[in-house]
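Here is a brief report on one protein chain. Please keep the sequence and the 3D view open as you read.

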Amino acid sequence: MKDGSASEEKRCEVLNILARDGRATAEAIAKQTGRPVDEVKSLVSQYESDGVIKRYNAVIDWEKAGFDKVTAFIDVRVVPARDVGFDAIAGRIARFPEVRSVWLVSGGSDLRVVVEATNLRQLANFVAEKLSTINGVTGTVTHFQLRRYKEDDVLYLEAEGNERLVISP
């Protein structure tokens, strides 16, 4: 699908619109891009069948919905497996239901794992009983999310009031 032309930019434009709003209709996308509706429908259908579009999902503010979640970013050091490198261990970690994301990263660790749990005990059990017992995992460093301000282009900041300090005599 890469041809390096203006056509590629237009296809990327459709993907950017869907990334911001998965509920955008073909008609709305056509209006924003200046493309025919049938062309947009065909392009989106092709993206879905090719696996370019992985899924559509809603972005939930769990805190506002009244649900407590503990999110942790776990840096994992591993010994890469022969012939498959980091892929085998990353794939095994990715299959745990608590795991939201797994990335191969540069720096002091090899993998960065994002985990969500309902409480600290559940998260601690995940690290102690599941993650650290995987053959090839040599160490972990866990960082806890304290507050979320922006994620996936969504701001979680409340409307800011007047933040000026009142000065009184």
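## A salt-bridge network

Asp61, Arg148 and Glu151 are joined in a network of salt bridges. The model is a predicted one. In this network, the side chains of Arg148 and Asp61 meet at 4.0 Å, N to O. The two residues are 87 apart in the chain. Arg148 sits in the loop between strand 4 (137-144) and strand 5 (150-151). Asp61 sits in the loop between helix 3 (37-50) and strand 1 (70-78).

How accessible are the two partners? Arg148 has 21% relative accessibility and counts as partly exposed. Asp61 also counts as partly exposed, at 22%. The cut-off matters here: buried means under 20% relative accessible area. A search of the whole structure finds seven salt bridges. As a general point, side chains of opposite charge can pair when their charged atoms come close.

## Glu116 and its two partners

Glu116 lies in strand 3 (residues 111-117). Which side chains form salt bridges with Glu116? One is Lys69, at 3.4 Å, N to O. Lys69 is in the loop between helix 3 and strand 1, so this salt bridge ties together parts that are 47 residues apart in sequence. Lys69 is partly exposed, with 36% relative accessibility.

Arg100 also forms a salt bridge with Glu116, at 3.2 Å, N to O. Arg100 belongs to strand 2 (residues 99-104), and 16 residues separate the pair in the chain. The relative accessible area of Arg100 is 46%, which makes this residue partly exposed.

## Strand 3 and its neighbours

Strand 3 pairs with strand 1 in the antiparallel sense, over seven bridges. Strand 3 also runs antiparallel to strand 2, and five bridges join those two.

Val113 of strand 3 appears in both pairings. Val113 is the bridge partner of Ile74. Val113 is also the bridge partner of Val102. Elsewhere in strand 3, Leu111 is the bridge partner of Leu104.

Is strand 3 enclosed or open? Five of its seven residues are buried, so strand 3 is largely enclosed by the rest of the structure. In general, the side chains of a regular strand alternate between the two faces of the sheet.

## Backbone turns with positive phi

Strand 2 and strand 3 form a hairpin with six residues between the strands. There, Gly107 takes a positive phi near 115°. Most residues other than glycine have a negative phi.

Two aspartates depart from that pattern. Asp83 has a positive phi of about 70° although it is not a glycine. Asp83 is placed in the loop between strand 1 and helix 4 (87-94). With a relative accessible area of 77%, Asp83 is exposed.

Asp153 has a positive phi of about 70° as well, and is not a glycine. Asp153 is in the loop between strand 5 and strand 6 (154-155). At 67% relative accessibility, Asp153 counts as exposed.

## A nonpolar surface patch

Which residues form a nonpolar patch on the surface? They are Ile60, Trp62 and Phe67. Together they have about 270 Å² of accessible area.

Phe67 is found in the loop between helix 3 and strand 1. That loop also holds Asp61 and Lys69. Phe67 counts as partly exposed, at 48% relative accessibility.

## The largest pocket

The largest pocket has a volume of about 1900 Å³. Its lining comprises 45 residues. Which of them lie nearest the centre? They are Val59, Arg148, Glu151, Asp152 and Tyr156. Two of these names are familiar: Arg148 and Glu151 belong to the salt-bridge network with Asp61.

Several elements give two or more residues to the lining: helix 1 (6-20), strand 1, strand 2, strand 3 and strand 5. Helix 1 gives the most, with four residues.

Terms used:
Residues are numbered from 1 along each chain as its sequence is written. This is a predicted model: local features need pLDDT of at least 70, side-chain atom pairs count only at pLDDT 80 or more; totals for chains, interfaces and linings use all residues. Side-chain values use heavy atoms; hydrogens and water are left out. Buried means under 20% relative accessible area, exposed over 50%, partly exposed in between (1.4 Å probe, protein chains only). Patches are made of residues with over 30% relative accessible area and no salt bridge: like charges are joined within 9 Å, nonpolar side chains (Val, Leu, Ile, Met, Phe, Trp, Tyr) within 5 Å. Accessible areas come from the Shrake-Rupley method with a 1.4 Å probe; for residues, only the protein chains shown count as cover. Two strands pair if DSSP finds at least two bridges between them. On a 1 Å grid over the protein atoms alone, a cavity is a set of points where a 1.4 Å probe fits but cannot get out, and a pocket is an open set with protein on both sides within 12 Å along at least five of seven lines; lining residues have an atom within 4 Å of a point. Grid points are joined across faces, edges and corners, and a volume is the space filled by probe spheres set on the points.
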